[in-house]
Amino acid sequence: MVGAVLVRHGEVVGEGYHRRVGGPHAEIEALRQAGERARDSTLYVTLEPCSHHGRTPPCSEAVIAAGIRRVVACHRDPNPLVGGGGFARLRQAGVQVDDGFLVPQAVRLNWRFLAALRYGRPAVSLKWAMSLDGRIATVNGESQWISSPQGRRWGLNQREEHDGILVGSGTALADDPRLDRRLGKAEGPNLRVVMDRRLRIGVSARMLDIPGEVVVYTEEEPGLASRRLSDRGASVVHLPAVTPQTVLADLQARGTQSLLVEGGAEVAAAFVTAGTFERVGVDCAPLLIGGQSALGPLAGVGSSPLSAAPRLRDLRVQRRGDDVILIGFREQCLQDLYASVAG
């Protein structure tokens, strides 16, 4: 997620952003808008201009050819194909380069891209809605709807920002979710993923009626159930053990860069225990559900001692209707991402 602004003699002469994968980069969009006015201007850009031929030609060469005098960037691109090469090429051509500005904001903007590079697997967000007393359902399993309409729209926005959405078989059976994008902000359908060790999901699941790929991970041997799901268009992947690590490894091989984990409590706890998550987003509704056996957002055995519990940093608070949205990052994740972009 990259934006670029060209400024000449105190006037903005060009702006652009990277609209879609494979499309022109932000620098190119800004240069096209500026035309000849780009010469002797300063380019402000979120990320180091690329220096390699990928889906598009190198932006650093276009910047040099346009006669840009100075480039101001937030941080280097940790992609091994770039990794400071863009800055080096610009300096070699006589362009003044300054970086290290607004790094926390830039890292927060591009954390999915940066985390996928750093960890060699899809970046993971955990998301849930809960009552003020920490319940995600009543004692009878009722959960629709804890969050407000505005809160649910926030949740749908999260789907637009991730390549895939994952739930466990319990959530798939109890809620029969579609797991699709509905706001039209991202191109194409998203990947839908189910962790289903015993292959309990049925062929009538609503997610199978929505365009786009559905991947079901199971420990069951291939048989009639998997063939029926395959006939409905699902990709059934048989693994010796269905864990966050094995699922993320397969998703990485499929080109998935980011994953939104929507539940349930056992699945979310498995990702927390494995340490395979970067961000947590919680919709906290002003409800008091109660009930000693009512489910909380994280099941499993939990953290013990308390000092072993993962801590979140950079916690942000938003309001959506009457709901409070809390978003924070795993502490070690932020440290790793800052280190990855350091010059």
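**Close-up views of the predicted model**

**View 1. The largest cavity and its lining.** About 40 Å³ of space lies in the largest cavity of this predicted model. The structure holds one cavity of 30 Å³ or more. Its lining is made up of Pro104, Val107, Arg108, Trp111, Asp314, Phe329, Leu334, Leu337 and Tyr338. Two elements, helix H4 (103-109) and helix H11 (331-341), each give two or more residues to this lining. By residue class, the lining of the largest cavity has seven nonpolar residues, no polar ones and two charged ones. Arg108 and Asp314 are the charged residues of the lining.

**View 2. The aromatic pair Trp111 and Phe329.** One aromatic pair is found in a search of the whole structure. The ring centres of Trp111 and Phe329 are 5.7 Å apart and the ring planes stand at 80°, so the pair is classed as edge-to-face; the cut-off for that class is over 60 degrees. Trp111 belongs to helix H5 (residues 111-119) and Phe329 to strand E14 (residues 323-330). With these positions 218 residues apart in numbering, the pair links distant parts of the chain. Trp111 and Phe329 are both buried. Both residues also appear in the lining of the largest cavity shown in View 1.

**View 3. Arg330 over the ring of Phe277.** Arg330 lies over the face of Phe277. The distance to the ring centre of Phe277 is 5.8 Å. Strand E14 (residues 323-330), which contains Phe329 of the aromatic pair, ends at residue 330.

**View 4. Strand E9, side chains on both faces.** Strand E9 covers residues 214-218, and five of the five are buried, so the strand is largely enclosed by the rest of the structure. Buried here means under 20% relative accessible area. Val214, Val216 and Thr218 point one way from E9. Val215 and Tyr217 point the other way. The residues on either side of E9 are all buried.

**View 5. Strand E9 between its partners E8 and E10.** E9 pairs in the parallel sense with strand E8 (residues 191-195), over four bridges. In this pairing, Val193 stands opposite Val215 of E9. E9 also pairs in the parallel sense with strand E10 (residues 235-238), again over four bridges. Here Tyr217 of E9 stands opposite Val237 in E10. Val215 and Tyr217, the E9 residues named in these two contacts, point to one side of the strand and are buried.

How values were computed: Residues numbered from 1 in each chain as written. Predicted model: local features only at pLDDT ≥ 70, side-chain atom pairs only at ≥ 80, totals over all residues. Heavy atoms only, no water. 1 Å grid on protein atoms, 1.4 Å probe; cavity = no way out; pocket = protein on both sides within 12 Å on 5 of 7 lines; lining within 4 Å. Points joined across faces, edges and corners; volume = space filled by probe spheres on them. Phe/Tyr/Trp six-rings, centres within 6.5 Å; stacked < 30°, edge-to-face > 60°. Buried < 20%, exposed > 50% of the residue type's maximum accessible area, 1.4 Å probe, protein only. Lys NZ or Arg CZ within 6 Å of the ring centre and 35° of its normal. Pairing = 2+ DSSP bridges.
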